[in-house]
Amino acid sequence: MELLSVENFANLAVLIFLQAVLGFDNLLYISIESQRAPAAQQAAVRRWGIIIAVALRVILLFVMIKLISSLTEPFFDINWTGVIEGSFNFATIVFLFGGVFIMYTAVKEIFHLLSIDDLATEHSDRGASSAMKVTAMIVFMNLIFSFDSILSALAITDVFAVLAVAILASGAAMYLLADRVTEFIQKNRKYEVLGLFILLIVGVVLLGEGGHQAHLKLFGHAVEPMSKATFYFSVTVLVIVDIIQSKYRKKLEAQKQGVHS
């Protein structure tokens with residue numbers, strides 16, 4: 001009966017909200033990455049990627065609860081005074097690797113969009129990745145994203161059942177929204193670039209978080225994390241600028257057509 005306490009219900013509500021907020025970048029990545037699979041299999045890739053990832057996140061949660069002290073113990077230190085200094089554990093390595101990988105993916109996709117001549121034949125010219133490969137990548141990146149949310153959740157409560165329900169709830173929300181987000185991006189291709197730049201910022205956030213937890217210093221300067229407030233403010237500014245720019249471009253095109261007519 002202690003499990004059904006008011007405190008646990010309150011913690012569950014906070015955790016579901018937290019998972020929803022932190023899951024935004026994850027959902028965006030799933031929507032963009034799934035488009036690399038064959039068109040007929042993209043919806044299945046998103047569904048199975050989310051289902052497998054959520055199941056692994058629950059397992060990861062259980063492991064982290066049991067081994068949290070071991071995961072926070074440093075694996076190695078770097079003490080090159082004045083150049084690079086830091087103490088690296090499992091979590092910081094995951095954050096740093098994930099940040100670099102996401103930034104690499106975002107930059108690669110941005111350059112790809114700039115290099116293609118015909119958007120209509122983009123996917124056929126590029127060649128689709130196998131459904132299994134894309135699903136594996138979605139699961140892998142989902143686990144990297146989950147470290148941030150699980151570590152934040154463990155700061156609120158260590159009750160496994162409460163944490164697991166919050167993860168399942170966020171997984172159900174991603175399952176229901178993934179197809180809609182992907183359809184929106186496909187119908188509004190201009191937002192694909194916006195989404196890639198948001199992922200680029202997500203990579204910077206992960207690098208800052210990993211560097212901060214590792215007490216990383218580069219050339220004598222400590223790496224500071226980007227706060228979630230700053231991240232969402234940056235994303236909001238990007239979206240507003242994109243909307244205003246689109247409306248302004250339409251206005252200019254309408255004026256040009258009026259002059260030529």
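Modeller: Let us begin with a definition: a residue is called buried when its relative accessible area is under 20%, exposed when that area is over 50%, and partly exposed in between. One thing to keep in mind is that the structure above is a predicted model.

Biologist: Thanks! Why is Val235 called buried?

Modeller: Val235 has 7% relative accessibility, and the cut-off for buried is under 20%, so Val235 counts as buried. You will find Val235 in helix α8, which covers residues 228-260. Val235 and Gly195 lie 40 residues apart in sequence, and their C-alpha atoms are 9.4 Å apart in space.

Biologist: How much of the protein counts as buried?

Modeller: The share is 40% of the 261 residues. Turning to the surface, the protein exposes about 14,600 Å², and 68% of that comes from carbon and sulfur atoms.

Biologist: What makes Arg46 and Asp179 a salt bridge?

Modeller: Here the rule asks for a side-chain nitrogen of Lys or Arg within 4 Å of a carboxyl oxygen of Asp or Glu. The closest N and O atoms of Arg46 and Asp179 are 2.8 Å apart, and 2.8 Å is within the 4 Å limit, so the pair qualifies. Arg46 belongs to helix α2 and Asp179 to helix α6, so this pair, 133 residues apart, links distant parts of the chain. By this rule, the count for the protein is one salt bridge.

Biologist: Are these two partners buried or partly exposed?

Modeller: One of each! Arg46 has 6% relative accessibility and counts as buried. Asp179 has a relative accessible area of 22% and is partly exposed, because buried would need a value under 20%.

Biologist: Which residues make the nonpolar surface patch?

Modeller: The patch has an area of about 1,100 Å², and its residues include Trp48, Ile51, Phe62, Phe160, Tyr175 and Leu177. Two elements give two or more residues to it: α2 (42-72) and α6 (160-187). The largest share, eight residues, comes from α2.

Biologist: How do you know that Leu177 is partly exposed?

Modeller: Leu177 sits in helix α6, and its relative accessibility is 38%. Partly exposed covers the range between the 20% and 50% cut-offs, so at 38% Leu177 counts as partly exposed. Patch residues need over 30% relative accessible area, and the 38% of Leu177 meets that condition as well.

Biologist: Now the strands. Why are β1 and β2 said to pair?

Modeller: Two strands pair if there are at least two bridges between them. β1 and β2 (residues 84-88) have five bridges, in the antiparallel sense, so they pass the test. Within this pairing, Trp80 stands opposite Ile84, and Asp77 stands opposite Ser87. The two strands form a hairpin with three residues between them, and Gly82 in the turn has a positive phi of about 85 degrees.

Biologist: How many bridges join β2 and β3?

Modeller: Two, again antiparallel, with β3 covering residues 217-218. That reaches the cut-off of at least two. Ile84 stands opposite Leu218 in β3.

Biologist: Which strands stand at the edges of the sheet, and why?

Modeller: The open sheet has four strands in the order β1-β2-β3-β4, with antiparallel pairing. β1 (76-80) and β4 (221-222) are at the edges, because each has a single partner strand and one side is left without a neighbour in the sheet. Besides its four strands, the protein has eight helices.

Biologist: Where is confidence lowest, and where is it highest?

Modeller: Helix α4 (residues 122-126) is lowest, with a mean of 47, while β2 is highest, at 87. For residues 123-127 the pLDDT is below 50, and this stretch has four contacts in the model beyond near neighbours in sequence. Where pLDDT is low, the predicted coordinates should not be read in detail. For the protein, the mean pLDDT is 77, and 83% of residues reach 70 or more.

Terms used:
Residues are numbered from 1 along each chain as its sequence is written. This is a predicted model: local features need pLDDT of at least 70, side-chain atom pairs count only at pLDDT 80 or more; totals for chains, interfaces and linings use all residues. Side-chain values use heavy atoms; hydrogens and water are left out. Patches are made of residues with over 30% relative accessible area and no salt bridge: like charges are joined within 9 Å, nonpolar side chains (Val, Leu, Ile, Met, Phe, Trp, Tyr) within 5 Å. Accessible areas come from the Shrake-Rupley method with a 1.4 Å probe; for residues, only the protein chains shown count as cover. Buried means under 20% relative accessible area, exposed over 50%, partly exposed in between (1.4 Å probe, protein chains only). pLDDT is the predictor's confidence in each residue, from 0 to 100. Contact means heavy atoms within 4.5 Å.
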